[in-house]
Amino acid sequence: MSRAADVWRVVLDMPLRRPFDYLAPKENCVTRITPGMRVRVPFGGQRLIGIATQAASESAIAPERLKPILDVLDTAPVLDESLRTLLMWAADYYHHPIGEVFAAALPKALRGGGGALALSRRWIANAAGRAAAQSGEPRRAPQQRRILQHLLQNDAGAGASEVSVLFPGAAVRALAQRGWIELTDAPAPAAVAGPAPTLGSGGFELNAEQRAAVDAVNGAFGGFAAFLLHGITGSGKTEVYLHLVERALSAGRGALILVPEIGLTPQLVGRFRARFAAPLAVLHSGLGDRERLQAWRAAFTSEARIVLGTRSAVFAPLGSLGLVIVDEEHDPSFKQHEGGFRYSARDLAVVRAQQAGVPIVLGSATPAFETLYNVSAGRYQRLSLPRRTAQAQAPRIALIDLRTSAVHCGIAAPAIEAIERHLRAQGQVLVFLNRRGYAPTLLCTACGWSSVCRECDARMTVHQAAARLRCHHCGAEEPLPQRCAQCGFAARPVGQGTERIEEKLAELFPEVARVRLDRDAVRKKGDMEAAMQRMASGEARILIGTQMVTKGHDFPNVTLVVVLNADRGLFSTDFRAPERLAQTIVQVAGRAGRGEKPGEVLIQTEFPDHPLLKSLLAEGYDGFARAALLERQQASWPPYTRLAAVRTSAKSAAAALKFLTEARRIARAPARVRLLGPVPAAMAKRAGRYHAQLLIESRERGALQRFLTRWIEEIEQLPSGRHVRWALDVDPLELF
Ligand SMILES: [Zn+2]
Ligand SMILES: [Zn+2]
């Protein structure tokens, strides 16, 4: 046996479910290591960096076989106790190896051994910059001028991560090259607690509902409480957030705000920036390793007490957390659904708030059904913002029956008339189609050949402008053939994507400038801002877009929204498809009439009598959700049951199924746990691999968890597991 406190449990970034024991370093280091610090240890022939989690008095391993810790990298824990508690909870709940869970919480640079406590670097304007600005420079570079003004207004400067979101593009570098701004390591002036001077000076008046929401959450400070802030689009949720963050800061606490990936816009960052003098740490997937480390450090050192970020920001180190906000909480991007550690940042945010004993606010215009269920079960309190702020009125929504209307390239005659009418009245028009590219397939009418992807059970999409065929599932591409690959007859694009709709609208309204927002049109930093600017200035008056247009952007002059195809969500095998469809329609409709002009929404469908569409139109999102939740209850789907999925992919369909069949055979599931499958995925072949899944369902979370804990260790030992990639997904958001 090893002597007391001579042994440290160390968590290493590898797919193993246990920590490893090491001897404390030779020179009286027991006092130097505290749980949560990084240590360097020998492992196999390598040296690895891990996290020391616990001192132990003894080890199950013989003392002579224990190796010593080589090095201690930190003087303070990089993962404090509250974060370690959260991460251990997550490893347990998602049944994922603890080392990989810990690794997910740290920036790559720290996992590689980079310093945690070096000061974060900020951009500041120097004396030359101030002088240049006073003489009106830079005259011909408006973006550079804006950055310079921004830095001059904030003595503390601005963190690199914040600048990269607020001012995407090359202007920052250009200013630095002119010698007007520089990066500094000097400590920022003390973070300003509480409001910037502008707050309360009018213009930020809350209406009665906003005030009631703020008061309710304010009353809950000091303990855990979960709120759903159900505010229709344009009802001023962000203003409520700002007031709550102000409250947390003035109590000397920090605030964590999570937003969907695409919701992290310069406008949102700008609103927080304009309101608070305290520095912001902005964390999102577009950051480079260095920017990410700097944002992490700013939060870690409490220099930034507001952390605004996407999914993985749920693990941001905030010393004294006072408040958690999850905006657009229904957004599927909060769920990590690829790679190893599949977690829901929204659900972990609730756990974090619970463990920290602070309030959490989940905001949405279209709350997730799970969240509505938690409200009805009394776990969350609902706060409603049913009114739009300012003069905006709720839009009128109507269906267009595609069976009885003439349709031109996907746009029905009544929709074209409406577009013309709104354009003539100087309105702006949004045409929504959740399918990018020119056409979803290329077809030969002579022999029936179509552009099927070699690697997937899917057709390749025609991209006319790029003259390519592209598979949206695996990324494969090839030149767009002019003739059928089989018989040489002319092949033609069938169906519509946003690119083709844009072409059609250009033909119908040649004098009106258009903007397209999809992943092909918005490829690099600044593209989105440029497109938004063209709409905001009124230069462009037709906007064609995919899902991208529903996320966090304001188009105040849009008076008409046309949803070209709502039908794809009506007949899916995924039980969540109706929820997603309703959310999309309500979110897209919410873009109409946000300014002073009332809006109109037209939804094209071949199924105008479908009960889902009818209930959505007649009763709105709430009524629709009630009916749909009842169906889920009858069919025993979440949130009335708990679900997990084991997913496999393999080079052959047989191998993908074989592993799951064996997993099922050894399952020994208790009566309260049901196994469903295995079945091939609906799109079985993707990127050259075959996919299959096995569902595990139970009405009792405890029973499901206990079963998974035991079972997962057994299926890890299955020999057939060596021939497949497999992963467990707890609370899966998509069924294949
Ligand atoms: Zn052909
Ligand atoms: Zn493909």
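How many residues has the largest nonpolar core, and which of them have the most contacts inside it? In this predicted model, the largest nonpolar core has 116 residues, and Leu517 and Trp711 are those with the most contacts inside it. The element that gives the most to this core is helix α18, spanning residues 611-635, with eight residues. A second core, separate from that one, has 52 residues, among them Ala158, Ala225, Ala248 and Ile325. For Leu517, leaving aside neighbours within four places in sequence, the residues in contact are Val522, Met528, Ala531, Leu543, Ile544, Gly545, Thr546, Met548, Val549 and Phe555.

Two zinc sites were examined. The zinc ion listed as ligand 1 has as protein donors the SG atoms of Cys444, Cys447, Cys484 and Cys487, which lie 2.3 to 2.4 Å from the ion. The arrangement around ligand 1 is tetrahedral because the four donor atoms subtend angles of 103 to 113°. Along the sequence, the donor residues of this ion are spaced C-x2-C-x36-C-x2-C. Cys444 belongs to strand β20 (residues 441-444), whereas Cys487 is in the loop between β23 (477-479) and β24 (491-494); the pair therefore ties together parts that are 43 residues apart in sequence. With a relative accessibility of 1%, Cys444 counts as buried. Cys487, at 41% relative accessibility, counts as partly exposed.

The zinc ion listed as ligand 2 has the protein donors Cys453, Cys456, Cys471 and Cys474, each through SG, at 2.2 to 2.4 Å from the ion. Angles of 104 to 114° are subtended by the four donor atoms around ligand 2, which makes this arrangement tetrahedral. The spacing of the donors of ligand 2 along the chain is C-x2-C-x14-C-x2-C. Of these donors, Cys471 is buried, its relative accessible area being 3%, and Cys474 is partly exposed, with a relative accessible area of 26%.

Helix α4 comprises residues 127-134, and Gly129, Ala132 and Ala133 are buried in this helix. Because these three residues cover an arc of only 95° around the axis, they are on the same side of α4. In general, an α-helix has 3.6 residues a turn, so residues three or four places apart point the same way. The exposed residues Ala127 and Gln134 are carried on the face of α4 that is turned away from the buried side. The cover over the buried residues of α4 includes helix α5 (142-153). At the N-terminal end, α4 is capped by Asn126, with a side-chain oxygen of this residue 3.2 Å from the backbone nitrogen of Ala128. Gly136 follows α4 and has a positive phi, near 85°.

His96 is located in the loop between α1 (81-93) and α2 (98-104). With a relative accessible area of 12%, His96 is buried. Not counting residues up to four places away in sequence, His96 touches Arg17, Ala91, Val101, Gly340 and Phe341. For Gly340, the backbone oxygen lies 3.4 Å from a polar atom of the His96 side chain. Between the C-alpha atoms of His96 and Arg140, residues that are 44 apart along the chain, the separation is 54 Å.

Notes
Residues are numbered from 1 along each chain as its sequence is written. Chains are lettered from A and ligands numbered from 1 in the order in which they are written. This is a predicted model: local features need pLDDT of at least 70, side-chain atom pairs count only at pLDDT 80 or more; totals for chains, interfaces and linings use all residues. Side-chain values use heavy atoms; hydrogens and water are left out. Buried means under 20% relative accessible area, exposed over 50%, partly exposed in between (1.4 Å probe, protein chains only). Helices (H or I, at least four residues) and strands (E, at least two) are DSSP runs, numbered from the N terminus. The arc is that of the directions from the helix axis to the C-beta atoms. Contact means heavy atoms within 4.5 Å. A polar contact is a pair of N or O atoms within 3.5 Å; within protein, one must be able to donate a hydrogen and the other to accept it, and residues adjacent in sequence count only if both atoms are side-chain atoms. A nonpolar core is a set of buried Ala, Val, Leu, Ile, Met, Phe, Trp, Tyr and Cys residues joined through side-chain atoms within 4.5 Å. Donors are N, O and S atoms within 2.8 Å of the metal (3.2 Å for Na, K and Ca); water is not among the atoms, so sites may look incomplete. Four donors count as tetrahedral if all angles lie between 85 and 135 degrees; four count as square planar and six as octahedral if opposite donors are over 155 degrees apart and all others between 65 and 115; anything else is irregular.
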